Amino acid sequence: MRAARIQPTGVERSFEDHEIIVTKTDLKGIITYANDVFLRLSAFPEEEVIGKPHNIIRHPDMPRAVFKLLWDTLGQGEEIFAYVVNMAGDGAAYWVLAHVTPSRDASGRVIGYHSSRRRPDRPAVDAVKRLYARLREEERRTDLNASWQLLQDELAGRGQTYEEFVWDLTLGATR
């Protein structure tokens with residue numbers, strides 16, 4: 001897979017406020033749909049992403065503890081908002097405010113996931129980068145469980161859930 005050879009370049013790209021990145025996946029996170037904004041930002045042609053795991057765009061600066069939270073939340077049939085840094089096929093990074101929801105069939109059974117991403121405000125990205133750096137360091141130093149516990153302790157210290165933390169950042173209340 002092409003993504004295994006990609007290394008971060010240090011280049012960061014962005015997109016316009018009015019643009020929305022959209023992807024859909026099956027239950028295992030395999031991409032079934034990608035819009036043109038996703039394809040442009042990810043620097044992947046459609047034929048290289050459809051049928052591939054969504055983590056093809058995973059940036060090494062993204063803490064695993066946040067993905068654990070994302071998958072645990074989706075596994076409960078709930079939506080989640082999260083700040084995520086992705087890595088394009090050319091090694092560039094791009095930050096998003098992701099809204100990931102379970103997709104359901106007519107009987108209400110979860111059949112996949114739908115993710116819509118908007119451009120986040122820079123102060124929110126700067127704030128979340130500080131937390132994510134601490135989580136990544138804990139993962140490097142020990143393991144995912146320790147990083148997960150650090151995330152839980154950080155949120156408890158703030159008296160917030162992750163969703164409340166995200167919305168405070170988004171609305172400018174926490175810096």
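This is a chat between a colleague and a modeller about how the labels on this predicted model are earned.

Colleague: Before we start, what kind of model is this?

Modeller: It's a predicted one, where local features need pLDDT of at least 70, side-chain atom pairs count only at pLDDT 80 or more, and totals for chains, interfaces and linings use all residues. Residues are numbered from 1 along each chain as its sequence is written, and side-chain values use heavy atoms, with hydrogens and water left out.

Colleague: What makes up the secondary structure of the protein chain?

Modeller: There are 6 helices and 5 strands. Helices (H or I, at least four residues) and strands (E, at least two) are DSSP runs, numbered from the N terminus. Read from that end, the order is β-β-α-α-α-β-β-β-α-α-α.

Colleague: How do you know whether the radius of gyration agrees with a compact globule?

Modeller: The radius is taken over C-alpha atoms, and the globule rule is 2.2 Å times the number of residues to the power 0.38. For 175 residues that rule lands near 16 Å, and the protein chain has 16 Å, so the two agree. The C-alpha atoms fill a box of roughly 45 × 45 × 35 Å along the principal axes.

Colleague: Why is the pair of Phe 81 and Trp 167 called edge-to-face?

Modeller: A search of the whole structure turns up 4 aromatic pairs. The rings of Phe 81 and Trp 167 have centres 4.8 Å apart and planes at 65°, so this pair is edge-to-face. The rule: rings of Phe, Tyr and Trp (its six-membered ring) pair if their centres lie within 6.5 Å, and planes under 30 degrees apart count as stacked, over 60 as edge-to-face and the rest as tilted. This pair also links distant parts of the chain, with Phe 81 in strand S3 (residues 80-87) and Trp 167 in helix H6 (residues 162-171), 86 residues apart.

Colleague: Are those two rings buried or exposed?

Modeller: Buried means under 20% relative accessible area, exposed over 50%, and partly exposed in between (1.4 Å probe, protein chains only). Phe 81 has 15%, so it is buried. Trp 167 has 29%, so it counts as partly exposed.

Colleague: And what makes the pair of Tyr 162 and Phe 165 tilted?

Modeller: Their centres are 6.2 Å apart and their planes are at 50°, which makes the pair tilted. Both residues lie in helix H6, 3 residues apart, about one turn of the helix. Both are buried too.

Colleague: How do you know which side of H6 the buried residues are on?

Modeller: The buried residues in H6 are Tyr 162, Phe 165, Val 166 and Leu 169. They cover an arc of only 100° around the axis, so they sit on the same side of H6. That arc is the one of the directions from the helix axis to the C-beta atoms. An α-helix has 3.6 residues a turn, so residues three or four places apart point the same way. The buried residues of H6 pack against H3, S3, S4, H4 and H5.

Colleague: Why is Val 166 called buried, and Asp 168 partly exposed?

Modeller: Val 166 is at 0% relative accessibility, so it counts as buried. Asp 168 has 25%, so it is partly exposed. Leaving aside neighbours within four places in sequence, Val 166 is in contact (heavy atoms within 4.5 Å) with Phe 81, Ala 82, Tyr 83 and Leu 97.

Colleague: What makes a nonpolar core, and how many residues are in the largest one?

Modeller: It's a set of buried Ala, Val, Leu, Ile, Met, Phe, Trp, Tyr and Cys residues joined through side-chain atoms within 4.5 Å. The largest here has 51 residues, and Tyr 94 and Tyr 162 are among those with the most contacts inside it. In soluble globular proteins, nonpolar side chains tend to be buried together. Across the protein chain, buried residues make up 45% of the 175 residues.

Colleague: What makes you say that the charged end of Lys 24 sits over the ring of Tyr 33?

Modeller: A charge sits over a ring if NZ of Lys or CZ of Arg is within 6 Å of the ring centre and within 35 degrees of the ring normal. The charged end of Lys 24 is 5.6 Å from the centre of the Tyr 33 ring. Lys 68 lies over the face of Trp 148 as well, at 4.5 Å from the ring centre.
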